Amino acid sequence: MKELAQSESEKNGRETTAGIRALKRHGNENRHAPDELLFEGEPVGTGFAIGPAFIAGEAPAPEPGARLSALPPEQERTRFNEAVGRSITQLTKLRGRLALLPEESQVEIGPLLDVYQRMLGPSRLQRGVMARIDEGLTAEASVHDETEALAGTMLSSPGGEALAGEEAAAAERRAGEFREIGRRLIRNLTRTPFLALGHFPDGAVLVAETLRPADAALIDPSRVGAVVLESGGTTGHTAIMLRALGIPSVLAVQGVLTDLANGTTLVVNGDTGEVIRNPEPKTLRQAQRHVAAYARERQQLGRLKRLSSRMASGEKIQLQANLELPAELPLIAQSGAAGIGLLRTEFLFINAEKLPDEAAQYEIYASVVAAMGSDPTTIRVLDWGGEKQSEALNRAGFSGDGEDNENPALGLRGIRLLLRYPALLETQFAAILRAAAKGPVQILLPMVTLASEIETAREIYERVARRLKRKGVGIGDPLPPLGAMIETPGAALTAEALARYVDFLAIGTNDLTMYTLATDRASAETASLYDPLHPAVLMMISGVVTAALHERKPVSLCGEIAGDPRITPLLIGLGLRSLSMTASAVPRVKQVVRSSRYEDCHMLARRILAETDGTEIRRLLEEFREA
Ligand code: PEP
Ligand code: MG
């Protein structure tokens, strides 16, 4: 562990590179007790927990349903080829992580990955599946039958007599490999989440290699003490979900699963990114004090709820909440947020079997809008693509992930997908317009890069509104404001022109950082490069605020940095007056707002904008915090 940590730190050129330091802390006096180990990862910023480890494995692959396909064989072949492509990408990622594992694991896993990758290439398996598809079977049934048939051949000897000893063990292994690759393909065909949470003990720490946003959305926060993952980045959608659910979480903790047994005690600090395995009694006592202190702090922050978010110098700063799941509504009410600045509607699609129709969507939007009373709710229309996957959308044929789309983050994402399939957008606009009768609503368009996208979306919006009016449906007059997310350098640099076509702008720094720095927001490998405080990102935020001011359009910021109290003075200094964040962050940010003076924030922002070095920018923020 220690050697791994050192070599990786050197490679990454910084001492505390998250996720790769696994230090043996102390020798243990009790020679039978395992040593305490400290791991470091990317903190999600959600408090502290102690609990037994629960290693979450993959969910069993679904049984193939209908065996005979209703689709022509060419389409089933395409589906199969896409599943092969996804499986290869997953295995390549696993191979990339191999170098970080202890040598014994590398020796064990490396050849296995070779076998899987060979099977996915031009192989007997491929040919067999294609032949079954041509006979009219679904891709799932073809994969299932072919891998079972191949496994069966492995288990029987050429002469039909029973295998024994080493020969039998090798045959079992080989058969297992076919079944495993079959399960992976079927899971990728059916987009089944990879996680099994059966028998999860209440309060345990869920430890897994990876967790997809769809899996994270299924977690019950009242049962899960904490989450520790070997993969992921802090602004990926998995991290956003975990933060929204208020679960103490640390991501990108490489090596944490190595030699970990279920039930091992873990201390998880979601604020610093530390994970301690097998804490010594002294560490455990300290951690218990930390948990109690954290609970007291939350209580104190709760008292801020009724106080206004006005700066010490008098300026009012609007603090709103982001909502990922309706389950968060009570948290939003407790946080004292002044409305919802970003309602991500992806949850309606994420684990759905079929697309939610207008009535189903209306029901959800109307209940949220009604719960917010006179505070506004900003509803963003579906932002699909990238890391987010939806079985319902795929089944309905609305896919941004076509065979020629190797890079979904740059493909049919957000507004692009909606304009390709306007029926989706029409349904969503209609449901939102109807919900607007329950209270103040705003509508946001995701991933806009062109004014023409806004124009087309607005035409659809107005057409839907006219249709509803003709039917006598009450939809508020004037129509709810229509805004655009600024999430790409292209949009940021042309924000002034885009602002002319909308009623407001919302800066999405999660994607803006990713696209500006060409760094995947959800990747552990590039986590150290993903920096929303990079001067280029800050210059863009500043430019968008100025552009909005020129066009006299309101602008807010709803990326994850809006919820980081260390960054609040900088954002205010850059001219922002409206921030939207995960509900649990509102009290801490409000505390900073109330204790800051605008002039100081302005000076801080000017100094920071003149900086070109990220470390210096962090130092200035730290200095401001301590002053
Ligand atoms: C963003 O990109 O900053 C944002 C708020 O949108 P999302 O995180 O949902 O992509
Ligand atoms: Mg975004």
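# Pockets, strands and salt bridges

Visitor: Let's start with D202: does it count as buried or exposed?
Guide: D202 counts as exposed, with a relative accessibility of 60%. One thing to keep in mind as we go: this is a predicted model.

Visitor: OK! Which residue forms a salt bridge with D202?
Guide: That would be R223, and the closest N and O atoms of the two are 2.7 Å apart. R223 sits in the loop between α7 (213–216) and β6 (224–229), while D202 sits in the loop between α6 (165–190) and β5 (204–208), so their salt bridge ties together parts that are 21 residues apart in sequence.

Visitor: And R223, how does its accessibility count?
Guide: R223 counts as partly exposed, at 31% relative accessibility.

Visitor: Which residues do salt bridges join into one network?
Guide: E346, R380, D383, R413, D511 and R521 are joined that way, through salt bridges that share partners.

Visitor: What does the count of salt bridges come to?
Guide: The count comes to 27. One of them brings together the side chains of E140 and R79, with 2.7 Å from N to O. This pair links distant parts of the chain: E140 belongs to helix α5 (residues 139–155) and R79 to helix α2 (residues 73–98), and the two are 61 residues apart.

Visitor: Is E140 buried or exposed?
Guide: E140 is buried, since its relative accessible area is 11% and the cut-off for buried is under 20%. Its partner R79 is partly exposed, with a relative accessible area of 24%.

Visitor: What does E146 form a salt bridge with?
Guide: E146 forms one with R132, and again you can look for the closest N and O atoms, which are 2.7 Å apart. Here helix α5 holds E146 and helix α4 (residues 124–134) holds R132, so the salt bridge ties together parts 14 residues apart in sequence. E146 counts as buried at 9% relative accessibility, whereas R132 is partly exposed, with a relative accessible area of 23%.

Visitor: Which residues in α4 are buried?
Guide: The buried ones are L125, Q126, G128, V129, M130 and I133. Just after α4 you can find G136, which takes a positive phi of about 110°.

Visitor: Changing topic. Which residues come nearest to ligand 1?
Guide: Of the 17 residues around ligand 1, the nearest are R344, R380, G508, N510 and R521. You may recall R380 from the salt-bridge network, where D511 and R521 also appear.

Visitor: How many Å is an oxygen atom of ligand 1 from the side chain of R380?
Guide: An oxygen atom of ligand 1 is 2.7 Å from an N or O atom in the R380 side chain. For D511, there is an oxygen atom of the ligand 2.9 Å from an N or O atom of the side chain. With T509 the partner is a polar backbone atom, 3.1 Å from an oxygen atom of ligand 1.

Visitor: What share of the accessible area of ligand 1 does the protein cover?
Guide: The protein covers 100% of the 290 Å² of accessible area that ligand 1 has on its own. The elements giving two or more residues to the shell are α8 (237–244), β11 (340–344) and α19 (509–517). Of these, α19 gives the most, with three residues.

Visitor: How do the residues of that shell around ligand 1 divide?
Guide: They divide into eight charged, five polar and four nonpolar.

Visitor: What about strands? Which way do the residues of β15 point?
Guide: In β15 (residues 504–507), F504 and A506 point one way, L505 and I507 point the other way, and all are buried.

Visitor: In which sense do β14 and β15 pair, parallel or antiparallel?
Guide: Strand β14 (residues 482–486) pairs with β15 in the parallel sense, over four bridges. To see this pairing, find M485, which stands opposite A506 in β15. Strand β16 (residues 555–557) also runs parallel to β15, and three bridges join them. There, I507 stands opposite L557 in β16.

Visitor: Last one: where is the place of E525?
Guide: E525 is in the loop between α19 and α20 (535–550), and it is partly exposed, with a relative accessible area of 45%. E525 and Q254 are 271 residues apart in sequence, and their C-alpha atoms are 10.0 Å apart in space.

Definitions and conventions
Residues numbered from 1 in each chain as written. Chains lettered and ligands numbered in written order. Predicted model: local features only at pLDDT ≥ 70, side-chain atom pairs only at ≥ 80, totals over all residues. Heavy atoms only, no water. Near = heavy atom within 4 Å. Polar contact = N/O pair within 3.5 Å; in protein donor to acceptor, adjacent residues only side chain to side chain. Areas by Shrake-Rupley, 256 points an atom, 1.4 Å probe, with all protein chains shown as cover. Nonpolar A, V, L, I, M, F, W, Y, C, P; charged D, E, K, R; others polar. Buried < 20%, exposed > 50% of the residue type's maximum accessible area, 1.4 Å probe, protein only. Pairing = 2+ DSSP bridges. Salt bridge = Lys/Arg side-chain N within 4 Å of Asp/Glu carboxyl O.
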